[in-house]
Every structure is written in C-alpha cells, then in structure tokens.
Amino acid sequence: MYNLLKGKRGIITGALDQNSIAWKVAEKAHEEGAQFVLTNAPIAMRMGEINGLAEKTGSQIVPADATNVDDLTNLFTQSQEILGGKIDFVLHSIGMSVNIRKKIPYTELNYDYYQKGIDVSAFSFHKMLAVAKKLDAISEGGSVVALTYMAAQRTYPFYTDMADIKAMLESIARSFGYHYGLEKKVRINTVSQSPTKTTAGSGIKGFGDFYDYANAIAPLGNADAESCADYCITLFSDLTRMVTMQNLFHDGGYSSTGVSDIVMQKMGLEE
Ligand SMILES: NC(=O)c1ccc[n+]([C@@H]2O[C@H](COP(=O)([O-])OP(=O)(O)OC[C@H]3O[C@@H](n4cnc5c(N)ncnc54)[C@H](O)[C@@H]3O)[C@@H](O)[C@H]2O)c1
C-alpha cells in the first residue's frame with residue numbers, strides 16, 4: 001500500500017458482485033486510504049452483495065439509477081454530506097446493452113434497446129458530470145474515470161451497439177474534460193480495458209473464445225480486473241494530475257500488437 005488516496009473522497013459506481021471491476025476498485029481505494037460512497041441502480045442491489053463490500057470498506061451506499069438526473073443529484077449531494085466535503089474521484093463503471101443480451105446482430109439492432117444502451121452506458125456519464133459541475137461537487141484537480149473497450153476504435157462484430165456507445169463515452173470524456181478542466185481543473189479520462197470475466201463481459205456472445213484470443217495476442221496477456229483497479233487508483237491519485245481527456249489502454253499490449261507468435265502457430269502459419 002502506498003497511501004495514494006489518503007484523505008480523498010470518492011464515488012464508486014457499478015460494483016455488482018465480486019467479479020465487477022468496480023468491486024476491485026473499491027477494495028483498492030480502501031487500501032489506499034480513500035473514503036467513498038458506493039452506488040448502483042436500485043434493481044442491481046436486490047441480491048444485497050454490495051452490503052458486504054460496504055461493510056468491508058467502511059462505506060455507505062446511496063442507490064442511484066445513473067440515467068436519472070434526480071437520483072444523480074441526490075447521489076452527489078448526499079455523498080458530500082456523508083464524506084464531509086467535495087468529491088475527489090469518481091468511477092463510472094456502468095455498461096448495459098439489451099441488444100447484446102438478446103444476441104441481436106449489429107445490422108438488425110432494435111432501436112429501443114439501442115436507445116436504452118446509450119442512455120445507461122453513455123448519457124449517464126454526461127449526466128453524472130453535468131450534475132457534479134452544476135453542484136460544484138468535485139474538488140479542483142479531482143479525477144473522473146470511465147471504463148471503455150477498444151471496439152470504440154476497431155470493429156469487433158460481437159460487441160454490436162456497445163461499440164458505438166463506447167465511442168460516444170470516450171468522446172464525452174474529451175468534450176467534458178475540456179470544459180471541466182478549463183473551469184475547475186477536473187480531469188476526465190477513459191480506461192480501455194481487456195476483456196474481463198464479469199457479468200457484463202460474460203454476457204457477450206463468444207466472450208470465452210474471444211477472451212482466449214485476446215490473451216494470446218497481448219504480450220502481457222489480458223489485464224485482469226484487479227490490475228485495472230490498480231491503474232484506476234493511479235488515475236485518481238495526484239501522481240497523474242496533468243493527465244486528462246485521454247483514452248488510456250489497459251490491455252497488456254493488445255492494442256499495439258498486430259499478430260502474435262502464439263496466434264500464428266494456432267493458425268498453422270508458422271513451422
Ligand atoms: N468485462 C469486460 O470485458 C469489460 C471490458 C472493457 C470495459 N468494460 C466496462 O467496464 C464497466 C464495468 O463492467 P463490468 O465488466 O465490471 O461488469 P458488471 O456487470 O459487474 O458492472 C456493470 C455495472 O453497471 C451497473 N448498471 C447497469 N445499469 C445501471 C444503471 N441504470 N444505473 C447504475 N448502474 C447501472 C450494473 O448494476 C453493474 O454494477 C462497463 O462500463 C463495461 O462496459 C468491461
């Protein structure tokens with residue numbers, strides 16, 4: 001432990017169960033000395049798993065549907081009261097596509113589901129930032145991180161509408177990052193994470209095979225949820241105080257590798 005977040009106050013969204021990336025971020029943030037509020041959609045809390053995390057990290061839970069501006073206003077207001085001051089870091093770890101869940105191909109997307117996916121997975125980020133800015137709830141130099149996937153830059157057929165939605169999420173980080181940075185020095189970045197075995201990840205058609213493929217391409221192998229959490233902690237810390245408006249790949253080198261020896265061998269292209 002490095003006490004990287006000592007004295008910092010945060011809001012962590014998206015911890016559904018022990019596999020969630022946000023769950024690991026909460027554990028690491030606690031280890032690094034932060035105090036934070038946990039939040040998720042009320043419906044996601046019905047299994048009650050988040051209570052264990054709250055207990056373990058000494059955190060309070062404020063339910064909020066991230067598509068609902070009133071819920072988000074309450075989240076930022078209550079979090080400041082609970083934690084005793086402005087918020088220093090926020091994790092947006094929210095993603096959902098009904099089209100993916102229902103295995104609908106990209107060329108036949110259902111537009112109501114598409115709209116829902118955009119609302120939950122991208123607009124929610126803008127709404128969160130807009131609410132925080134309006135309430136002046138984030139401290140100077142504060143850091144906001146959202147999680148994304150490389151399908152925003154390159155096509156992965158199975159990722160269907162989430163590819164477009166992640167492209168929007170990354171654009172919001174840049175656009176809002178400009179305005180919030182200029183006015184309040186708040187930093188906004190996206191972390192583009194390897195395929196990770198979580199509820200959201202495993203819901204994608206062919207995820208298991210693709211997970212193995214990505215693992216065989218990346219020189220360091222797939223980055224797991226725990227190392228993603230470590231990376232997020234560095235972005236919440238003061239050590240990265242001049243990093244903003246970036247999409248940062250956290251993928252064991254996958255995004256910079258054309259092909260690997262292992263994949264060549266598997267394809268029978270190499271002796
Ligand atoms: N798992 C992967 O392979 C992978 C790879 C790259 C990026 N990501 C991204 O990481 C983030 C976290 O996903 P995860 O893999 O930890 O899966 P997860 O299923 O554990 O987390 C997704 C979270 O989104 C929450 N959520 C859904 N609708 C919501 C709403 N309306 N309001 C508030 N919260 C809501 C869920 O309750 C859940 O906690 C997502 O943005 C996902 O796209 C995941």
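This is a short talk on one predicted model, from its sheet to its core and its ligand.

Let's start with the sheet. It is open and has seven strands. Their order is E3-E2-E1-E4-E5-E6-E7, and the pairing is parallel. Which strands sit at the edges? Strand E3, residues 60-61, and strand E7, residues 247-250, are the edge strands. Each of these pairs on one side only.

Now look at one pair. Strand E1 covers residues 9-13, and strand E2 covers residues 35-39. The two run parallel, and five bridges join them. To find your place, go to Arg9, which stands opposite Gln35 in E2.

Next, the helices on the sheet. Helix H3, residues 69-83, lies across E1, E2, E3 and strand E4, which is 87-92. H3 runs at about 150 degrees to E2. Helix H6, residues 160-184, packs on the sheet as well. H6 touches E5, strand E6 (187-193) and E7. The direction of H6 makes about 155 degrees with that of E6.

Back to E1. Is this strand enclosed or open? Five of the five residues of E1 are buried, so the strand is largely enclosed by the rest of the structure. Here is a general point: in a regular strand, side chains alternate between the two faces of the sheet. In E1, both faces are covered. Arg9, Ile11 and Thr13 are buried on one side. Gly10 and Ile12 are buried on the other.

Ile12 leads us to the core. The largest nonpolar core has 68 residues. Which of them touch the most other members? They are Ile12, Ala15, Val25, Ala26 and Cys232. By element, the largest share of this core comes from H6, with eight residues. Ile12 has contacts beyond its neighbours within four places in sequence. Those partners are Ala22, Val25, Ala26, Ala29, Phe36, Leu38 and Leu91.

Two single residues make a good contrast. Take Met162, in helix H6. Why is Met162 called buried? It has 27 other C-beta atoms within 10 Å, and the cut-off for buried is 20 or more. Leaving out residues up to four places away in sequence, Met162 touches Gly95, Ser97, Ile100, Gly117, Ser121 and Ala151. Met162 and Ala152 are 10 residues apart along the chain, and their C-alpha atoms are separated by 8.2 Å.

Now Gly84, in the loop between H3 and E4. Gly84 is exposed, because it has 8 other C-beta atoms within 10 Å, and the cut-off for exposed is 12 or fewer. Gly84 and Ile118 are 34 residues apart along the chain, with C-alpha atoms separated by 33 Å.

Last stop, the ligand. How many residues surround it? The answer is 27. The closest are Ser20, Ala44, Gly95, Ala200 and Gly201. Three elements give two or more residues to this shell: helix H1 (21-31), strand E5 (138-148) and helix H7 (199-202). H7 gives the largest share, three residues. By type, the shell divides into 13 nonpolar, 13 polar and one charged. Notice Gly95, which is among the closest residues to the ligand and is also touched by Met162.

Definitions and conventions:
Residues numbered from 1 in each chain as written. Predicted model: local features only at pLDDT ≥ 70, side-chain atom pairs only at ≥ 80, totals over all residues. Near = placed C-beta within 6 Å. Helix = DSSP H or I, 4+ residues; strand = E, 2+ residues; numbered from the N terminus. Nonpolar A, V, L, I, M, F, W, Y, C, P; charged D, E, K, R; others polar. Pairing = 2+ DSSP bridges. Contact = placed C-beta atoms within 7 Å. Axes fitted to C-alpha atoms, helices over the stretch in contact; angles between N-to-C directions. Core = buried A, V, L, I, M, F, W, Y, C linked by C-beta atoms within 7 Å.
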